[in-house]
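Let's take a walk through this one together, starting on the inside and working out to the charged pairs. Have the model open as you read.

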Amino acid sequence: DRLETAAGYVMGRARQLVPVDSGNLRESIRVVRLKGDQRQNVRVYAGNRKRRNEGGAFYAHMVEFGTVNMPAKPFLRPAFNECKNRIKDIVQNG
């Protein structure tokens with residue numbers, strides 16, 4: 001599917017850009033097609049709700065947007081921005 005292929009490029013680039021400590025956040029970046037979505041949207045997600053000792057990366061939004069104690073280290077938005085032309089080409093031309 002074209003959308004999943006395009007999202008795969010964003011996922012791959014986000015995995016290259018994400019800051020790595022344990023690797024849990026990098027491994028949590030994935031492409032998801034929402035069940036029951038009439039429009040067949042595809043999304044690239046980062047993080048999960050597992051506990052840290054279970055390989056969890058519940059803190060993805062804190063890395064992307066920062067906190068009062070930590071500056072932002074965006075990886076999803078830059079990945080998407082870098083892949084825009086490729087996404088457009090895939091969706092339009094296959």
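What follows goes from the nonpolar core to the salt bridges. Keep in mind that this is a predicted model.

Start with the largest nonpolar core, which has 17 residues. Leu 25, Ile 29, Ala 46 and Phe 75 are the ones touching the most other members. Helix 1 (2–17), helix 3 (60–65) and helix 4 (76–93) are the elements that each give two or more residues to this core.

Now zoom in on Phe 75. Leaving aside residues up to four places away in sequence, its contacts include Ala 14, Leu 17, Leu 25, Ile 29, Ala 46 and Val 63. Glu 64 is also on that list.

That makes Glu 64 a good next stop. This residue sits in helix 3, and it counts as buried because its relative accessibility is 4%, under the 20% cut-off. What does its side chain reach at 2.9 Å? One partner is the backbone nitrogen of Leu 76. The Glu 64 side chain also meets that of Arg 77 in a salt bridge (2.9 Å, N to O). This pair links distant parts of the chain, with Glu 64 in helix 3 and Arg 77 in helix 4, 13 residues apart. Arg 77, at 41% relative accessibility, is partly exposed.

The structure holds five salt bridges in total. Another one joins the side chains of Arg 13 and Glu 82 at 2.5 Å, N to O. Here helix 1 supplies Arg 13 and helix 4 supplies Glu 82, 69 residues apart. Both are partly exposed, Arg 13 at 25% and Glu 82 at 48%.

Finally, look at Glu 27, which pairs with Arg 26 in a salt bridge whose closest N and O atoms are 3.5 Å apart. Glu 27 is exposed at 53%, while Arg 26 is partly exposed at 29%.

Definitions and conventions. Residues numbered from 1 in each chain as written. Predicted model: local features only at pLDDT ≥ 70, side-chain atom pairs only at ≥ 80, totals over all residues. Heavy atoms only, no water. Core = buried A, V, L, I, M, F, W, Y, C linked by side-chain atoms within 4.5 Å. Buried < 20%, exposed > 50% of the residue type's maximum accessible area, 1.4 Å probe, protein only. Contact = heavy atoms within 4.5 Å. Polar contact = N/O pair within 3.5 Å; in protein donor to acceptor, adjacent residues only side chain to side chain. Salt bridge = Lys/Arg side-chain N within 4 Å of Asp/Glu carboxyl O.
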